[in-house]
Amino acid sequence: MTQQATGVPVGEHGQESSYEFDRDTAVRPRPDDPAVFDADLSPGWSISMGLAVNGGYLLALAGRALGAVLPYPDPFSVSGYFLTAATPGPAVVRTEVVRCGGSISTGQASVYQTGADGAEVERLRVIAHYGDLDKLPDEARTTAAPPALPPVEDCAPSAAAPDSIAGPKGRRGLLDRIDLRLDPATVGWAVGKPSGKGEMRGWFALADGREPDPLSLLLAVDAFPPTAFDLGVRGWVPTLELTAHIRARPAPGPLRVCIGTRNLAGGLLEEDAEVWDSAGRLVAQSRQLARADR
């Protein structure tokens, strides 16, 4: 997909993308300053309808703006610092090209919204390396292996989550737009029996059938329930910082995702994620620092 002047990705025949993720991460360059973009944060990607928008969605929106100003198409490394909670509504993305190299370019972006007092409030600050994934060598030397998961049909669908956990159907925000299938071994927390291991595993896809690409991997690393739930924490777990490494262009089909934490201390925890495509390749990795509110 390419991106037209409105910021909405277009297909090979010039039509606007029909997929929600593409429409809702669209950015519109200002005629007087092409490094500044206007955007609309959709309530459909809220943690629960009407609340703060998901961090991975916000990172992807900023990533789309950076892809419009940098000379290379694909995010390699994206680090985001979440400064204040972003809410559905208008937003402004200000970008800066930091460096253009022979194969990697670096940029930064900040997402702003207007606060209650009329002043601009910075929500997210990002610095990222971009390049061309198709020009990377195919050679891989790795000891990593994709997680062993039950077949998709044997995993617990997020659509079946009770209203007491996910909210009423049709008003679940993010969970209405993604198709999560959780490994039954990692959903004990949903019935009051967390394992204490701090693990989440399962299958990820976008609910409307959009195939994965490098930008949607920024959403995938932050779309699962917080690992703190498996430690018995049931409060909000806001992300403070998230760094994602995009390692390859994903093949079509559902993604395998495994997320874990090993240390919850001082009210903070790390989450390490791996994302594997349908061809068995490790296509994304991430680490984030989050605050566990009880």
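**View 1. Two cysteines and the disulfide search.** A residue is called buried here when its relative accessible area is under 20%. In this predicted model, Cys-258 has a relative accessibility of 17% and therefore counts as buried. Cys-155, with a relative accessibility of 5%, is likewise under the 20% cut-off, so Cys-155 also counts as buried. A search for disulfides that covers the whole structure returns zero of them.

**View 2. The largest cavity and its lining.** Rolling a probe the size of a water molecule over the atoms shows where empty space is left. Under the rule applied to this structure, one cavity of 30 Å³ or more is counted, and the space inside the largest cavity comes to about 30 Å³. Its lining is formed by Glu-20, Phe-21, Trp-45, Arg-177, Leu-206, Ala-207 and Asp-208. When the lining residues of the largest cavity are sorted by type, four are nonpolar and three are charged, while no polar residue appears among them.

**View 3. Secondary structure and contacts across the chain.** The protein contains 16 strands together with four helices. Of the contacts in the protein that have a separation of 6 or more, 67% are accounted for by residues that lie 24 or more positions apart.

**View 4. Burial and the exposed surface.** Of the 294 residues in the protein, 50% are buried. The area that the protein exposes is about 13,600 Å², and carbon and sulfur atoms supply 53% of that area.

Definitions and conventions: Residues numbered from 1 in each chain as written. Predicted model: local features only at pLDDT ≥ 70, side-chain atom pairs only at ≥ 80, totals over all residues. Heavy atoms only, no water. 1 Å grid on protein atoms, 1.4 Å probe; cavity = no way out; pocket = protein on both sides within 12 Å on 5 of 7 lines; lining within 4 Å. Points joined across faces, edges and corners; volume = space filled by probe spheres on them. Nonpolar A, V, L, I, M, F, W, Y, C, P; charged D, E, K, R; others polar. Disulfide = S-S within 2.5 Å. Buried < 20%, exposed > 50% of the residue type's maximum accessible area, 1.4 Å probe, protein only. Helix = DSSP H or I, 4+ residues; strand = E, 2+ residues; numbered from the N terminus. Contact = heavy atoms within 4.5 Å. Areas by Shrake-Rupley, 256 points an atom, 1.4 Å probe, with all protein chains shown as cover.
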